[in-house]
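The exercises below are meant to be worked through with the sequence and the model side by side. Please try each task before reading its solution.

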Amino acid sequence: NRWFEAQLAHDREAYRFTVVVFHMPPFDRRGSGYEDTTSVLAHQAQLIHAYGVDVVFNGHNHVLA
């Protein structure tokens, strides 16, 4: 989490948008979550909100939601 927060904090004024891409989504519309979901919600999601990330892309689910 220290690395992720350092990336979000780095030179924020130099960029117009902040985009985050990672594999496992924090929410699963199908109702069957993953083991990492709790960690993502407890740590990464809070940082994403705190740093005002503009868009997040995830790609693990093989469904359209």
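**Exercise 1. The order of elements**

Which pattern does the chain follow when it is read along the sequence?

Solution. The model is a predicted one, and the elements are taken here in the order of the sequence. The chain holds two helices and two strands. Read along the sequence, these give the pattern α-β-α-β. For the chain as a whole, buried residues make up 20% of its 65 residues, while the exposed area is about 5300 Å², of which carbon and sulfur atoms supply 53%. Among contacts with a separation of 6 or more, 77% are between residues 24 or more positions apart.

**Exercise 2. The nonpolar core**

Find the residues that make up the largest nonpolar core, and the helices that supply it.

Solution. The largest nonpolar core has seven residues, namely F4, L8, V20, L47, I48, Y51 and V53. Helix α1 (2-9) and helix α2 (37-50) each supply at least two residues of this core. Taking Y51 as one member of the core, and leaving aside neighbours within four places in sequence, its contacts are E5, L8, A9 and R12.

**Exercise 3. A residue of helix α2**

Is Q44 buried, partly exposed or exposed, and which residues does Q44 touch?

Solution. Begin with the location: Q44 lies in helix α2. Its relative accessible area is 22%, and because buried requires a value under 20%, Q44 is classed as partly exposed. Next come the contacts, which, not counting residues up to four places away in sequence, are with N1, F4 and S39. Finally, Q44 and E5 are 39 residues apart in sequence, yet their C-alpha atoms are 8.5 Å apart in space.

**Exercise 4. Two loop residues**

Compare the settings of D11 and P25, giving the loop and the accessibility class of each.

Solution. D11 is placed in the loop between α1 and β1, and with a relative accessible area of 43% it is partly exposed. The backbone of D11 deserves a separate step: most residues other than glycine have a negative phi. D11, although not a glycine, has a positive phi of about 50°. P25, by contrast, is found in the loop between β1 and α2, and P25 counts as buried because its relative accessible area is 9%. The C-alpha atoms of P25 and L41 are 9.3 Å apart, with their positions 16 residues apart in sequence.

**Exercise 5. The segment after β2**

Which residues is N58 in contact with, leaving aside its neighbours within four places in sequence?

Solution. N58 is found in the segment after β2 (55-57), and at 33% relative accessibility it counts as partly exposed. Its contacts, with those neighbours left aside, are F22, H23, M24, P25 and P26. For F22 the picture can be made more detailed: N58 and F22 are 36 residues apart in sequence and 5.4 Å apart from C-alpha to C-alpha, and a polar atom of the N58 side chain lies 3.0 Å from the backbone oxygen of F22.

**Exercise 6. A nonpolar surface patch**

Which residues form a nonpolar patch on the surface, and is V21 buried or exposed?

Solution. The patch is formed by F17, V19, V21 and F57, which together have about 430 Å² of accessible area. V21 is placed in strand β1 (residues 19-21). Its relative accessibility is 63%, so V21 counts as exposed, the cut-off for that class being over 50%.

Technical notes
Residues numbered from 1 in each chain as written. Predicted model: local features only at pLDDT ≥ 70, side-chain atom pairs only at ≥ 80, totals over all residues. Heavy atoms only, no water. Patch = residues over 30% accessible without salt bridge, like charges linked within 9 Å, V, L, I, M, F, W, Y side chains within 5 Å. Areas by Shrake-Rupley, 256 points an atom, 1.4 Å probe, with all protein chains shown as cover. Salt bridge = Lys/Arg side-chain N within 4 Å of Asp/Glu carboxyl O. Helix = DSSP H or I, 4+ residues; strand = E, 2+ residues; numbered from the N terminus. Buried < 20%, exposed > 50% of the residue type's maximum accessible area, 1.4 Å probe, protein only. Core = buried A, V, L, I, M, F, W, Y, C linked by side-chain atoms within 4.5 Å. Contact = heavy atoms within 4.5 Å. Polar contact = N/O pair within 3.5 Å; in protein donor to acceptor, adjacent residues only side chain to side chain.
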